[in-house]
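Student: I am new to this structure. Please take one part and look at it closely with me, then show me what surrounds it.

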Amino acid sequence: MGRRIRKLVSGLVFLGLVGGGAFWWLTKPAPWPAAHWEGLGEPDLANGEQVFWAGGCVSCHAKPGGEGDARLVLSGGAPLKSPFGTFHAPNISPDETAGIGAWTLAEFGNAMTRGVGRNGEHLYPSFPYASYVRMTPKDINDLWGYMKTLPKASDVAPGHELPFPYNLRLALGGWKLLFLTDTPRAAVDTADAKLARGQYLVEGPGHCGECHTPRNALGGFEASQWLAGAPNPEGEGRIPNITPGSKSIGGWSASDIASYLESGFTPEFDSVGGSMVEVQKNMAKLSAADREAISAYLKAVPAL
Amino acid sequence: MKIRALMLAAALAGLGVTAVTAADEPQAVRQQLMKKVGAATGALAGIAKGEKPYDAEIVKASLTTISETMKTFPDHFPAGSETGMETEASPKIWENMDDFKAKAAKLGSDTAAVLAQLPADQAGVGAALGGIGKDCGSCHETYRLKKN
């Protein structure tokens, strides 16, 4: 009897090890092979700056309370509330110790597009790498070049405040297995260069879906509800639906959307509000052609 | 049974009263004021975008509307008007009333400053509108909640 139990237990332990091993193997941090980040040449800093604004880095990483050029001090610290706990954006200034100044392009690129930290750890998807995964190596290289020109900050941001089990980084591998994909979020006619550009900006660097798409209990997007609006993670109000089926902006023309992103005014001359204020400031720095591409894409996604 | 009917009648009467005076409720008054400011901003934007010809009188009237409205706008947020009538006012207004008032005052004084040196052409109106838009956004960022 004792022997049988022992056999059973060791069998379970064995299965557990195999299962755990399989889980680990399936969900281990997966950076790109080194060659992905090689041969990109000198960064184009002007493009890097455009990518920087498209990516909205300052909205979370700027030193809280800064205005104007002070926004370029990416010392982090701002809290990002979520149903899983409160995240604090880290220092991503080029400071060698407090920031990411000592990182290589590959380390930066793998954080951006694979959610893998410098020590090979999984990063939390509050950092929107599940959108940034769509970014081209060229844009990452240009962005990295630009970010190294920004001021250094020595502030160290507070750690994330996450209850168990969300404080287990290992589990993020499972999240990635389920939700980290670079497939298109919506089918649009990519033969149209404007739509293709809009799709790249919205689904990739712009990471619009991170707030405008509802999430399931595990924090992944509800794929059929792309940009259909979602509860405000900060607690009150809602993040609006921005598909052509939206009650609030479905009636806007593409040029209405582009002009809102540029000026912050709706067609009724109401103004931008909430966390979109920060986003609109970034969008205002893009080229008119890019704002038009975003608008064209938003008019082309399925109406929900 | 009778009591219930009576209560229902009283409730209906109550609704009727609310409907009659709805336009005077602070929620409705401030919504109207915001619409007024929006219309004035729209007139300025039409000129800034070149959709309408520059007209000094319209520019002056629009700026005056915004500046004057801001003098009284924050007075329409008394205790008890935090909810109802589809208000988009954030509870943070009542937590930080002084800051809320300061933001309204800033839009008022910035607009008054533009009035004192009236923009003389389309480009001038555009530049002024940029500053006004920033004031709108900086208040709406914290104090307005979109519900839909």
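Tutor: What follows starts with the two domains of chain A and the place where they meet, then moves outward.

The model is predicted. Keep that in mind throughout.

Begin with the division of chain A. The domain assignment gives domain 1, residues 36-182, and domain 2, residues 183-304. Their centres, taken over C-alpha atoms, are 21 Å apart. The contact takes 25 residues from domain 1 of chain A and 26 residues from domain 2 of chain A.

Now the area. Together the two domains of chain A bury about 2,300 Å² between them. Carbon and sulfur atoms carry 50% of that area. On the domain 1 side, W53(A), A54(A) and R134(A) lose the most area to domain 2 of chain A. These three residues together make up 26% of what that side buries.

Charged pairs come next. Two salt bridges are found across the interface of domain 1 and domain 2 of chain A. Look also at E278(A), which forms a salt bridge with R71(A). The closest N and O atoms of E278(A) and R71(A) are 2.5 Å apart.

Now find H207(A). This residue sits in the loop between α8 (193-203) and α9 (209-212) of chain A. Leaving out residues up to four places away in sequence, H207(A) touches G55(A), P128(A), S131(A), Y132(A), L201(A) and V202(A). For a sense of distance, take V188(A). H207(A) and V188(A) are 19 residues apart in sequence. In space, C-alpha to C-alpha, H207(A) and V188(A) are 17 Å apart.

Both domains also contribute to a pocket. The second largest pocket draws at least three lining residues from each of domain 1 and domain 2 of chain A. The space in this pocket is about 210 Å³. Its lining has 17 residues, and the closest to the centre are F179(A), T181(A), R185(A), F221(A) and A223(A). Helix α7 of chain A, residues 172-179, gives the largest share of the lining, with three residues. By class, the lining of the second largest pocket has eight nonpolar, five polar and four charged residues.

Step out to the partner chain. Chain A puts 16 residues into the contact, and chain B puts in 18. About 1,400 Å² is buried between chain A and chain B, with 56% of it from carbon and sulfur atoms. On the chain A side, E236(A), F265(A) and F269(A) supply 37% of the area buried against chain B, more than any other three residues. One salt bridge is counted between the two chains. D270(A) forms a salt bridge with R144(B), and the closest N and O atoms of this pair are 2.7 Å apart.

End inside chain B. How many cavities of 30 Å³ or more are counted? The count is one. The largest cavity has a volume of about 30 Å³. Its lining consists of L44(B), V59(B), L63(B), P119(B), V125(B), A128(B), L129(B) and I132(B). By class, that lining has eight nonpolar residues, no polar ones and no charged ones. Two helices of chain B, α3 (56-72) and α6 (122-143), each supply at least two residues of the lining. Helix α6(B) gives the most, with four residues.

To go over it again, return to the meeting of the two domains. Find W53(A), A54(A) and R134(A) on the domain 1 side. Then trace the pair E278(A) and R71(A).

Methods:
Residues are numbered from 1 along each chain as its sequence is written. Chains are lettered from A and ligands numbered from 1 in the order in which they are written. This is a predicted model: local features need pLDDT of at least 70, side-chain atom pairs count only at pLDDT 80 or more; totals for chains, interfaces and linings use all residues. Side-chain values use heavy atoms; hydrogens and water are left out. On a 1 Å grid over the protein atoms alone, a cavity is a set of points where a 1.4 Å probe fits but cannot get out, and a pocket is an open set with protein on both sides within 12 Å along at least five of seven lines; lining residues have an atom within 4 Å of a point. Grid points are joined across faces, edges and corners, and a volume is the space filled by probe spheres set on the points. Ala, Val, Leu, Ile, Met, Phe, Trp, Tyr, Cys and Pro count as nonpolar, Asp, Glu, Lys and Arg as charged, and the others, Gly among them, as polar. Domain bounds come from an automatic or database domain assignment. Contact means heavy atoms within 4.5 Å. Buried area is the accessible area (1.4 Å probe) that two parts lose on being put together, summed over both. A salt bridge is a side-chain nitrogen of Lys or Arg within 4 Å of a carboxyl oxygen of Asp or Glu.
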